[in-house]
Amino acid sequence: MVGGMNHVIEAIGLSQVFRQRQGLFASARQVMAVDDLSFRVAEGSALGIVGESGCGKSTLARMLLGLLPASAGTLRIGGADLRGMDRRARARLIQPVFQDPMSSLNPRRRIGATIALPLRVQGTGRAECRRAVARMLEEVGLAPEIAARFPNQLSGGQRQRVAIARALIVNPRILICDEPTSALDVSVQAQILNLLMDLRARFKLTLVFISHNLAVVEHIADEVAVMYLGRFVEHSANAEIFAAPRHPYTRALLASVLTPEPGLGLPEMPLGEGSPDPTNIPPGCRFHPRCPLATELCRNQAPPRGAVECHFAASGAGA
Ligand code: SF4
């Protein structure tokens, strides 16, 4: 679907395994947060990754940012292996926008200094930084006076605009947004999403947009990957996934968006018992304990890997 394009992110067999010890004498349990993922993101496109908490999406975000080395596999960003890249080179290429701007902004640092910091780290002089900050404030729709304020003098939406300005000041090619609107009021959420879409076009950004909320992802992404216990169980074009979801989990997620109170998590009913536990991944199809269509085959055998990881996706059974 993106053939012939330049892929600015390439993940090959990417895995992240943690060892978790519950007590001093307990044996360590293995947590498979990201399980052998391979995917590519075309330059200038937006990949939405959606899933419940514990599905591995935030771990994947930290891996893409180079904050967490992969247990296995290769990650190429802008054609170069992320492992061999120094911090400054990485920062010029890829920047984060996290969920809670309050915790990612230094409360004692003025906004202007906060936005300028990535440039200062790159060795840019003060006068040039001041000009760049003024320009970035305008880009994200904030008044110039904001530069002299502190984070606690700003609203949540303004703080997230500051975090976006700070991310964009080094002119990166990629923005990794991990639940960037989840901490904001609904009315502000839409403004921040629209701002990100504008900036994406203006700065020719590639976006990886991570959210538990399918409606948010639908708004912003060209391609959508639905993540469940460390795998992309369905990965296709936005229009396809919303018009004709093929994986039972994607269908359940979509059903949850259509409930009267979207954003409150998944409804109990279509997904049945058992929340996903990355320390204890079920055998066979990892979704089988919650899948209304599970058969004996699903309990015993993992579905083939591909765009839709379900034994019955190709035949259309259960549609
Ligand atoms: Fe459900 Fe079976 Fe498909 Fe897994 S393989 S999603 S258990 S129908």
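This briefing describes the fold, the ligand site and several individual residues of the chain shown above. The model is a predicted one, and the values given here were computed from it. Its chain of 319 residues has a radius of gyration of 21 Å, which agrees with the value near 20 Å that a compact globule of this length would have. The secondary structure comes to 12 helices and 10 strands, and the space taken by the ligand is the largest cavity.

**Overall fold**

- Taken along the principal axes, the C-alpha atoms of the chain fill a box of roughly 65 × 50 × 45 Å.
- Of the 319 residues, 49% count as buried.
- Among the contacts in the chain with a separation of 6 or more, 66% come from residues that are 24 or more positions apart.

**The ligand site**

- The ligand is surrounded by His247, Pro248, Cys285, Phe287, His288, Cys291, Leu293, Ala294, Cys298, Cys310, His311 and Phe312.
- By residue class, this shell divides into nine nonpolar residues and three polar ones, with no charged residue in the shell.
- Cysteine is counted as nonpolar in this scheme, so Cys285, Cys291, Cys298 and Cys310, which are among the residues around the ligand, fall into the nonpolar class.

**Helix H1 and Thr59**

- Helix H1 covers residues 57-64 and is mostly covered, since six of its eight residues are buried.
- The buried residues of H1 are Lys57, Thr59, Leu60, Ala61, Met63 and Leu64, a list in which the lysine may be worth noting when the helix is viewed in the structure.
- Thr59 has a relative accessible area of 15% and is therefore buried, the cut-off being under 20%.
- Apart from its neighbours within four places in sequence, Thr59 is in contact with Gln16, Phe18, Ala33, Val34 and Leu68.
- Just after H1, Gly66 takes a positive phi of about 80 degrees.

**Positive phi values around strand E7**

- Asn171 is found in the loop between helix H6, residues 156-168, and strand E7, residues 174-178, and although Asn171 is not a glycine, its phi is positive, near 55 degrees.
- With a relative accessible area of 52%, Asn171 is exposed, because that class begins over 50%.
- Glu179 lies in the loop between E7 and H7, and this residue, again other than glycine, has a positive phi of about 50 degrees.
- In contrast to the exposed Asn171, Glu179 is buried, with a relative accessible area of 8%.

**Helices H7 and H8**

- Gln191 is found in helix H7, which comprises residues 186-203, and at 42% relative accessibility this glutamine counts as partly exposed.
- Gln191 and Leu105 are 86 residues apart along the chain, and their C-alpha atoms are separated by 20 Å.
- Val216 lies in helix H8, residues 214-220, and counts as buried at 7% relative accessibility.
- Leaving aside neighbours within four places in sequence, the contacts of Val216 are with Thr181, Gln189, Leu193, Phe209 and Ser211.
- From C-alpha to C-alpha, Val216 and Met5 are 25 Å apart in space, and 211 residues separate their positions in sequence.

**Strand E9 and Ala225**

- Ala225 lies in strand E9, which runs over residues 223-228, and is buried with a relative accessible area of 0%.
- Not counting residues up to four places away in sequence, Ala225 touches Leu47, Gly48, Ile49, Val50, Phe232, Glu234 and His235.
- Ala225 and Gly84 are 141 residues apart in sequence, with a C-alpha to C-alpha distance of 27 Å.

Conventions. Residues numbered from 1 in each chain as written. Predicted model: local features only at pLDDT ≥ 70, side-chain atom pairs only at ≥ 80, totals over all residues. Heavy atoms only, no water. Helix = DSSP H or I, 4+ residues; strand = E, 2+ residues; numbered from the N terminus. Buried < 20%, exposed > 50% of the residue type's maximum accessible area, 1.4 Å probe, protein only. Contact = heavy atoms within 4.5 Å. Near = heavy atom within 4 Å. 1 Å grid on protein atoms, 1.4 Å probe; cavity = no way out; pocket = protein on both sides within 12 Å on 5 of 7 lines; lining within 4 Å. Sits in = over half its atoms within 2 Å of the grid points. Rg over C-alpha atoms; globule rule 2.2 N^0.38 Å.
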